[in-house]
Amino acid sequence: MSAFSFAGQKLDNNLVGSIASLLNAAGVPNLLWGNYLLTVYGVPTIVDGVAFVVPDALLEKGLSTLSGAGFLPCTQGLECPCLGAPQSLSSLAHLHINDELVVSLYRKSEMLWDFPEFDIATDSADIISASDGHLPLASLARGQGRFPAYLSAVRIPTAIRYCEAVINLLCRDHKAPREPYWLAIVTYILEYVDGTEAFHEECLKDGYRQFYTAMKQGDSKMFHHLKTLRDSLVKSNM
Ligand SMILES: [Zn+2]
């Protein structure tokens, strides 16, 4: 078992590494998610907490593990300010680091339903370590980039699979409050991740690639491609 306990540490890579290891030790496989993940891909963004995607059946176990390690229970329920803004990625399933910052857990089916099932031992081409050498190093006006090698237990989707997942979410949340948030993320990918070693546009799946390329070229066909994707997702019940 992991000996980690939370005692007010600040949110940084070490804390994220401790949470990932804690969940792993409890048998809860996890992938980093949310704005913190964006910074690993090199996107400069405000970190508003830390989030992980876990298998649906292990969400409760993940929450009780975090709670047992000393993260603070949310006392405000639906009134929690961390849930307020539509662009907020905080989930109802969260514990607090402090009043403003939370650790959120998401069910895989909420965020990565199209992504292959994963467990702790999964050695998959779709998952990499947050300290993978293809990820950028910190640089000026960029996100903080990859984690140090000693925190290699933190795992993330590859930037390509992440981009596809965000496009799926953009389709799912069509005309919903979070739609602009997902669109902004695709823009960030275009601006900051495209052209790095971590992202090769040609690896995007069919359909996603056409949308992405049209968006990159400012081609209005992007809307047509997005609608095609949305229709096919609706047909497959997402
Ligand atoms: Zn809360």
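Is Cys 80 buried or exposed? Cys 80 is buried, with a relative accessible area of just 2%. Keep in mind throughout that this is a predicted model.

**View 1. Four side chains hold the zinc ion.** Here you see Cys 74 and Cys 80 reaching the metal through their SG atoms, while His 94 and His 96 use NE2. These donors sit at 2.0 to 2.3 Å from the zinc ion. The arrangement is tetrahedral, with angles of 102 to 116 degrees among the 4 donor atoms. For comparison, the ideal angle for four tetrahedral donors is 109.5 degrees. Along the chain, the donor residues follow the spacing C-x5-C-x13-H-x1-H. The two cysteines get separate labels: Cys 80 is buried because its relative accessible area of 2% is under 20%, whereas Cys 74, at 24%, is partly exposed.

**View 2. Phe 71 sits among the best-connected members of the largest nonpolar core.** That core has 80 residues, and Leu 32, Trp 33, Val 50, Phe 52 and Phe 71 touch the most other members. Helix α5 (residues 159–172) gives the core its largest share, 10 residues. Both domain 1 (13–157) and domain 2 (159–235) supply at least three residues each. Zoom in on Phe 71 and you'll find its contacts beyond four places in sequence, among them Phe 4, Phe 6, Leu 15, Ile 19 and Leu 66. Another of the residues that Phe 71 touches is His 96, which also coordinates the zinc ion through NE2.

**View 3. Domain 1 meets domain 2.** The protein splits into domain 1 (13–157) and domain 2 (159–235), and their centres, taken over C-alpha atoms, are 22 Å apart. On the domain 1 side, 26 residues join the contact, and domain 2 brings 20. Between them the two domains bury about 2,100 Å², with 64% of it on carbon and sulfur atoms. Look for Tyr 41, Trp 113 and His 134 in domain 1: they lose the most area to domain 2, together 24% of what that side buries.

**View 4. Pro 44 lies in a loop.** You can find this residue between α2 (34–40) and β2 (49–54). Pro 44 is partly exposed because its relative accessibility, 30%, falls between the 20% and 50% cut-offs. Not counting residues up to four places away in sequence, Pro 44 touches Ala 141, Arg 142, Gly 143 and Tyr 192. Asn 13 is 31 residues from Pro 44 along the chain, and their C-alpha atoms are separated by 15 Å.

Methods: Residues numbered from 1 in each chain as written. Predicted model: local features only at pLDDT ≥ 70, side-chain atom pairs only at ≥ 80, totals over all residues. Heavy atoms only, no water. Donors = N, O, S within 2.8 Å, 3.2 Å for Na, K, Ca; no water. Tetrahedral: all angles 85-135°; square planar, octahedral: opposite > 155°, others 65-115°. Buried < 20%, exposed > 50% of the residue type's maximum accessible area, 1.4 Å probe, protein only. Core = buried A, V, L, I, M, F, W, Y, C linked by side-chain atoms within 4.5 Å. Helix = DSSP H or I, 4+ residues; strand = E, 2+ residues; numbered from the N terminus. Domains from an automatic or database assignment. Contact = heavy atoms within 4.5 Å. Buried area = accessible area lost by both parts, 1.4 Å probe.
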